[in-house]
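Colleague: Please take a close look at one part of this model, the sheet, and tell me how the strands are arranged and what surrounds them.

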There are 2 protein chains.
Amino acid sequence: MTGWVRIAGLGPGAEALVTPEVTAALEQATDVVGYIPYVARIAPRDGLTLHASDNRAELDRSRLALSLAAEGRRVVVVSSGDPGVFAMAAAVFEALEAGPQEWRNLDVAVLPGITAMLAAAARAGAPLGHDFCAINLSDNLKPRALIEKRLLLAAQADFAMAFYNPRSGARPEGFARALDLLRQCCGGDRLILFARAVSTDQEALTVTTLAEARPEMADMRTVVIVGSSLTRLVDRDGAAPILYTPRSVPA
Amino acid sequence: MTGWVRIAGLGPGAEALVTPEVTAALEQATDVVGYIPYVARIAPRDGLTLHASDNRAELDRSRLALSLAAEGRRVVVVSSGDPGVFAMAAAVFEALEAGPQEWRNLDVAVLPGITAMLAAAARAGAPLGHDFCAINLSDNLKPRALIEKRLLLAAQADFAMAFYNPRSGARPEGFARALDLLRQCCGGDRLILFARAVSTDQEALTVTTLAEARPEMADMRTVVIVGSSLTRLVDRDGAAPILYTPRSVPA
């Protein structure tokens, strides 16, 4: 048996957002490796071994996946969203680069998925319909000063901004500081979306302004999108308003 | 019959990258509206009317979709990639906002898809594995000076950058200027990916450096990704090298 690794995106939660490519890879797999809640989405079956591990064990998990593939197993590493956006793909490649030479000959591929910001944007309208950036607000893997520098430059560029991991359990004050900084750069009227657990039973969307935004509106399952200066809200009768960024910037 | 509009992302090209949610909407549709090559992807069937229109007719197409839904039709507006990223969602909401009041009561939803930069990133490795931005390089809808300002600020922020519509037929010199600017800000060693028609028969990927990059490497079907200062290339025997951005930034 020739082993392989597929680093697969399960999308934000709903099965209807899992691509057929990912479903097919899961059907062929002998092993599924991933963070506990993502592995819990995979139905057990004969011939499939599930390897669930805790958060922050990304490199150990990656080494396990590569080792299993080197033994000839067909391994799917599951991520939520898209594996290439603040998820498992970079971790697997870090492990591969640092690992034994034979790992470089493995058949490894990334299978894209619907990342959280795009699912959230779709549900709210089209806030990322013009130029935007995506920033991981967690300071686990980079200095807080770099995060704040990027927020300032993104505000100067007038990007819409999508924030992953806005509020960590360990250091919740970072997100409060980020909101303060954005209020200073962008003004209190700037629109902001809190989108929690999009496409699941726990889905909750809140659109407000930076002036009204509170850090407690986000948790670990929330993606936050701050509009550009042109992002607009269209009110509707009896339906949620539409948040969108026009395609054009006037000269 | 109660009409609706679904603004659906068909992904980059392969059917295996179309979500089941989008497939289900197409099965229920009475009308499909979109740009000619995207409508060409939809199989004709009894009871389904295909409305293909030319490029740059986004607002006309959006008004058609909303008008049909107001008459009770079930309309899918098809985009390639994700409709919320430089595609049809913002256009439909612009038309809705400017249109008759009754359009605000329509059942309109966006169905996300795999956008080109994520498909390209997956194929190359994980170049968008850390903070990044997405910029539409076309100057059809915004001033060239704003594009250049955003490139400079994105380089200062050390974002990886994904570029849509890098090289227009009408004004190809814009992309040459963007490459010059990036070479000045980021240096000639910075890695750059040209990914054309990912997941189709015409797929072609080139990874090179800004020093070696030439404007002709991109056309209208190419998405371009420029790495951050930390983006790396892992060489492999007998397989394409892996382009990825590590998750960590050292303090």
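Modeller: In this predicted model, 10 strands make up an open sheet with mixed pairing. Their order is 10(A)-9(A)-11(A)-8(A)-7(A)-7(B)-8(B)-11(B)-9(B)-10(B). The edges are strand 10 (204-209) of chain A and strand 10 (204-209) of chain B; each has a single partner strand, so one side of each has no neighbour in the sheet. On average, and ignoring direction, neighbouring strands are turned by 15° against each other.

The two chains meet in this sheet at strand 7 (residues 132-136) of chain A and strand 7 (residues 132-136) of chain B, which run antiparallel and are joined by 3 bridges. Within this pairing, A:Ala134 lies opposite B:Phe132.

The relation between the chains comes next. Chain B is superposed on chain A by a rotation of 180° with 0.0 Å of shift along the axis, at an RMSD of 0.0 Å. The two copies are therefore related as by a two-fold rotation axis. In chain B, the C-alpha nearest that axis belongs to B:Cys133, at 1.9 Å. Both copies use the same surface, since 100% of the contact residues of chain B recur in chain A.

A helix also crosses the join. Helix 5 (residues 116-124) of chain B lies across strand 7 of chain A, and in chain B across strand 7, strand 8 (160-164), strand 9 (191-196), strand 10 and strand 11 (222-226). Helix 5 of chain B runs at about 65° to strand 11 of chain B.

One side chain deserves a separate look. B:Arg150 is part of helix 6 (residues 144-156) of chain B. With a relative accessibility of 2%, B:Arg150 counts as buried, because the cut-off for buried is under 20%. The side chain of B:Arg150 makes a polar contact with the side chain of A:Asp131, at 2.7 Å. Leaving out residues up to four places away in sequence, B:Arg150 touches A:His130, A:Asp131, A:Ala157, A:Asp158 and A:Phe159 in chain A, and B:Ile135 and B:Lys142 in chain B.

Elsewhere in chain B, helix 4 (residues 88-98) is mostly covered, with 10 of its 11 residues buried. Among the buried residues of helix 4 of chain B are B:Met88, B:Val92, B:Phe93 and B:Leu96, and also B:Glu94 and B:Glu97.

Conventions:
Residues numbered from 1 in each chain as written. Chains lettered and ligands numbered in written order. Predicted model: local features only at pLDDT ≥ 70, side-chain atom pairs only at ≥ 80, totals over all residues. Heavy atoms only, no water. Pairing = 2+ DSSP bridges. Helix = DSSP H or I, 4+ residues; strand = E, 2+ residues; numbered from the N terminus. Axes fitted to C-alpha atoms, helices over the stretch in contact; angles between N-to-C directions. Contact = heavy atoms within 4.5 Å. Least-squares fit on C-alpha atoms with pLDDT ≥ 70 in both. Buried < 20%, exposed > 50% of the residue type's maximum accessible area, 1.4 Å probe, protein only. Polar contact = N/O pair within 3.5 Å; in protein donor to acceptor, adjacent residues only side chain to side chain.
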